[in-house]
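User: I am new to this structure and would like to be walked through a few of its features by question and answer.

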Amino acid sequence: MARSAEPDALAPLMRSFDAYAKDLERLDEIWLGDGEQVPTNPPELMAPAADALPTHSVEVEIVEQVRVDLPQAIALAVLNDPVLQNSIAGVRKQQGLLRSVQGRFYPTVSLNIGGGYNQQINKNFAWQGNGSIPGYVPNTLPYVRSGGQNRYQTNIAAGSARLRVDYELLSFERSAALAEFAAELEQSNQLYGNQLRQLQLDVSEAYYQLQLAGQLKRIRQVVVTNDEVILDQVQAMNTVGLVPRVDLLRAEANLQQQRFLLEQADANLLSRRRRLSNIVNVPFSVTLEAREEVRLQEPWPLGLDETIVRGFDDNPQLQALQAARAALLRQADRQAAELMPRLGLFATTGYLASQSRSPLIELDGCCGAPIFVPGLNSQAGDWAAGFNLNWRLFDGGVTAGAVEASQAAADQVLQREAAERNAIRQKLETAFYDHRAALRQIIAANASYTAARDAYHDMRARYEFGLADYTDLADTISSLTTAMEQKASAMTSANVSYAQLLRELLVVPRSPEKPVTLPLTLPSQL
């Protein structure tokens, strides 16, 4: 029959025939990906200020969407992540504390300069004079009658300067404190390295989940598009009486269900974008999108036993606990050393100058007129040198109790290390088994997708020619959708489990001053 002679009622059906091949093409395009990605520098996205709190809705309105690949997201997180910045601040803190102890190996020099002005008035009363004593003539010095008194006033301005040098010559506590703070700095460095590993895992998981959310939305979008075509086809076939009305109702209901699932997938995608954006800590008005579609990482190259052994080697989690235990033991040494003697040297020198102005001396009962001197200058200087020995001989068990507490805390950390070792092994084993299962699931999902695609092809054709009912077609579409989702989920599970394995074996710097390189796959030289 020529296309021009087709009844108008069959036009939608013929359109569905024309679009039939495109339906399968849309399904296959989901898995094509974007090809090989060329590494690029991450975009410049400054983190919000740590104390910034938006107060207006316009400040958190999303006005920019930035597409990034996983290496770019990790690089941005290294610059912006507040937890990592907290670890860096912890390292700087311990560096400062260590330098403060190292400074105790040098002498301290102090300078004290003072000045002041004071007025002093003194008065004396003779309740018994010296007139009864031979040789003391009345009205001549130093005669004082009974009831006589004197009063004198001075105004003094003075200034002084003193220089002192102290040197702790011998201190067992100082050496133990240096070892304690050095161990605490090592702990902070290891915690920084461990946070780099955790940051890589957190960003990788968030990115892979975002990729999965995007893939699931694309699948749901294709399903909705295909269901719209099928509904158009069913409506046309119902118009010419080829299918019952119940098929039309089922097609409409199925389309609405798929639209509901599409909305759900879209909401999940938006949520996953915000999760990645918040982990990376981008500006409030920016959200991140995944540049790549779901792409399977290469299989994990090591066996389980070798993975576990390498996971224990050079692991910053375990080394941080070892450093914490060493710091507590050094703390116990420092506390015990407080009972040991301390020997120090000191030297000091000083100078004092003062001026007394208008001193006034009044005598009542002796010699007549007051004595007045316009001003007096005074000077003094001194120096001293010596040593001091401080030895706490008894403190009632205070130090012994503190030492015992520090040693017990070190034993606690040792047990935490054992628990962490076992937890690391469990995480490695779980991730290894999950990764191996996910790889097998991908093979099964590929086979299921291929079979479901062919079944959809055949069932679609059979339904169009009246050889199957709509229930068979709907079941086939459901199987195809499930196969596509399982394939995407299995690929994501394989990538996430790879990142979990990599988290315990990744070589990371232990100092914020060193450059950070976080590969996505296990380095071959490891």
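User: What volume does the second largest cavity have?

Analyst: This is a predicted model, in which local features need pLDDT of at least 70 and side-chain atom pairs count only at pLDDT 80 or more, while totals for chains, interfaces and linings use all residues. Residues are numbered from 1 along each chain as its sequence is written, and side-chain values use heavy atoms, with hydrogens and water left out. A cavity is a set of points, on a 1 Å grid over the protein atoms alone, where a 1.4 Å probe fits but cannot get out, and lining residues have an atom within 4 Å of a point; a volume is the space filled by probe spheres set on the points, which are joined across faces, edges and corners. The structure holds two cavities of 30 Å³ or more, and the second largest has a volume of about 40 Å³.

User: Which element gives the largest share of the lining of the second largest cavity?

Analyst: Helices (H or I, at least four residues) and strands (E, at least two) are DSSP runs numbered from the N terminus. Among the residues that line the second largest cavity are Gln200, Ser204, Tyr498 and Leu502, and the elements giving two or more residues to this lining are H5 and helix H10 (470-505). The largest share, four residues, comes from H10.

User: Is H5 largely enclosed or not, and how many of its residues are buried?

Analyst: Buried means under 20% relative accessible area, exposed over 50%, and partly exposed in between, with a 1.4 Å probe and protein chains only. H5 is largely enclosed by the rest of the structure, because the number of its 68 residues that are buried is 48.

User: Which residue of S4 stands opposite Glu64?

Analyst: Two strands pair if DSSP finds at least two bridges between them, and strand S1 (residues 64-68) pairs with S4 in the parallel sense over five bridges. Both faces of S4 are covered, with Val286, Leu288 and Ala290 buried on one side and Thr287 and Glu289 buried on the other. The residue of S4 opposite Glu64 is Val286.

User: Which exposed residues does H7 carry on the face turned away from its buried side?

Analyst: In helix H7 (residues 304-312), the residues Leu304, Thr307, Ile308 and Gly311 are buried. They cover an arc of only 100° around the axis, taken from the directions from the helix axis to the C-beta atoms, which puts them on the same side of H7. The face turned away from that buried side carries the exposed residues Asp305 and Val309.

How values were computed:
On a 1 Å grid over the protein atoms alone, a cavity is a set of points where a 1.4 Å probe fits but cannot get out, and a pocket is an open set with protein on both sides within 12 Å along at least five of seven lines; lining residues have an atom within 4 Å of a point.
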